[in-house]
Amino acid sequence: MLTELLDQHETEKTRARLAYQEVLAHAEEDTEAMTQAERRTERAIRILRAREAGR
Amino acid sequence: MIPFGYVLDDTVLIELGRRDLGLHRLIVSFDRAHVRTSVPVIAFAVAEAALSPDQRLVLRGLTDVLEHLSLEPVAAHTEAVRLAEVTARMEQPADMAAAHVIAVSQHLDWPVLTADAGRWDTVKAHLPWRVDLVEVADLN
């Protein structure tokens with residue numbers, strides 16, 4: 001019974017990981033959009049650093 | 001690792017579950033740049049409730065895979081007290097997803113990342129504190 005539950009948990013976890021990885025692979029196909037996301041991340045980091053510096 | 005980061009609200013989590021590719025690119029890019037992200041479990045539960053079973057899998061997979069993402073539980077008195085302090089100041093019945101996001105944001109001292117700043121208008125209007133919001137569109 002416990003083994004069954006653990007197997008079920010692992011299966012669900014694997015399905016979830018695969019579902020996410022499929023979306024991620026699709027997102028990464030557009031390399032230009034990924035570069036834009038990296039620029040947006042740099043802005044997000046600047047916001048955090050400015051916030052910290054203002055304390 | 002950057003010692004601070006963003007608390008993700010339910011609007012971001014819902015859009016991630018709905019496979020918003022732009023948002024997925026942003027969040028994975030955060031993770032690769034070692035920007036930390038925090039997911040309050042009540043916001044996570046509210047987001048899951050708005051999603052289909054397939055969409056929920058995407059959201060669960062994301063929270064499992066990303067290295068610098070952490071789920072924030074309400075597992076002990078300290079977290080319950082922090083949540084209660086925010087909830088008590090809210091218009092009743094309290095928006096529990098927002099309450100948990102604010103409690104985690106205050107505790108970590110990280111801003112909230114939202115896909116829709118308008119989602120916070122009513123919440124902010126009734127709180128005595130400033131809610132530090134960054135809208136995804138602000139990063140364009």
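**Exercise 1. Strand pairing in chain B**

Task: In this predicted model, determine how strand E1 (residues 5-8) of chain B is joined to strand E2 (residues 36-40) of chain B, then establish the strand order of the sheet.

Solution:
1. Three bridges link E1(B) to E2(B), and the two strands run parallel. B:Gly5 has B:Arg36 as its bridge partner in E2(B).
2. E1(B) is also joined by two bridges to strand E4 (residues 112-114) of chain B, again in parallel. Here B:Val7 is partnered by B:Val112 in E4(B).
3. E4(B) in turn has three bridges to E5(B), and these strands run parallel. The partner of B:Leu113 in E5(B) is B:Val134.
4. The result is an open sheet of five strands in the order E3-E2-E1-E4-E5 (chain B), with parallel pairing.
5. Strand E3 (69-72) and strand E5 (133-135) of chain B each have a single partner strand, so they stand at the edges and one side of each lacks a neighbour in the sheet.
6. Between neighbouring strands of this sheet the average turn is 35°, direction ignored.

**Exercise 2. Helices on the sheet**

Task: Find which strands are touched by H3(B) and which by H6(B).

Solution:
1. H3(B) packs on the sheet through contacts with E2 and E3 of chain B. The direction of H3(B) makes about 70° with that of E2(B).
2. H6(B) also packs on the sheet, where E1, E2, E3 and E4 of chain B are touched. Relative to E2(B), the direction of H6(B) makes about 140°.

**Exercise 3. A helix pair**

Task: Classify the arrangement of helix H3 (residues 41-49) of chain B and H4(B) from their axes, and list residues at which they meet.

Solution:
1. The two axes come within 9 Å and cross at roughly 155°.
2. An angle over 145 degrees counts as roughly antiparallel, and therefore H3(B) is roughly antiparallel to H4(B).
3. The crossing of H3(B) past H4(B) is right-handed.
4. On the H3(B) side, B:Phe44, B:Ala47, B:Glu48 and B:Ala49 meet B:Arg56, B:Leu59, B:Arg60 and B:Thr63 in H4(B).

**Exercise 4. One residue of H4(B)**

Task: Decide whether B:Gln55 is buried or exposed.

Solution:
1. B:Gln55 belongs to helix H4 (residues 53-65) of chain B.
2. The relative accessible area of B:Gln55 is 19%, and the limit for buried is under 20%, so B:Gln55 is buried.
3. Not counting residues up to four places away in sequence, B:Gln55 touches B:Gly17, B:Arg18 and B:Arg19.

**Exercise 5. Nonpolar cores**

Task: Describe the largest nonpolar core and place B:Ile102 and B:Met90 by their contacts.

Solution:
1. The largest nonpolar core has 52 residues. Those with the most contacts inside this core are B:Tyr6, B:Leu13, B:Phe30, B:Met90, B:Leu113 and B:Trp120.
2. Helix H6 (residues 96-108) of chain B gives the most to this core, with seven residues.
3. B:Ile102 is found in helix H6 of chain B and is buried, at a relative accessible area of 4%.
4. With neighbours within four places in sequence left aside, B:Ile102 is in contact with B:Val86, B:Trp120, B:Val123, B:Leu127 and B:Val131. Of these, B:Val123 is 21 residues from B:Ile102 in sequence and 10.0 Å away in space, C-alpha to C-alpha.
5. Under the same exclusion, B:Met90 is in contact with B:Asp95, B:Ala98, B:Ala99, B:Val123 and B:Leu127.
6. A second, separate core has five residues, including A:Ala16, A:Ala19, A:Val23 and B:Val58.

Methods. Residues are numbered from 1 along each chain as its sequence is written. Chains are lettered from A and ligands numbered from 1 in the order in which they are written. This is a predicted model: local features need pLDDT of at least 70, side-chain atom pairs count only at pLDDT 80 or more; totals for chains, interfaces and linings use all residues. Side-chain values use heavy atoms; hydrogens and water are left out. A nonpolar core is a set of buried Ala, Val, Leu, Ile, Met, Phe, Trp, Tyr and Cys residues joined through side-chain atoms within 4.5 Å. Buried means under 20% relative accessible area, exposed over 50%, partly exposed in between (1.4 Å probe, protein chains only). Helices (H or I, at least four residues) and strands (E, at least two) are DSSP runs, numbered from the N terminus. Contact means heavy atoms within 4.5 Å. Two strands pair if DSSP finds at least two bridges between them. Axes are lines fitted to C-alpha atoms, for helices over the stretch in contact, and angles run from 0 to 180 degrees between N-to-C directions. Angles under 35 degrees count as roughly parallel, over 145 as roughly antiparallel, 65 to 115 as roughly perpendicular and the rest as oblique. A crossing is left-handed if the near helix is turned anticlockwise from the far one by less than a right angle, and right-handed if clockwise.
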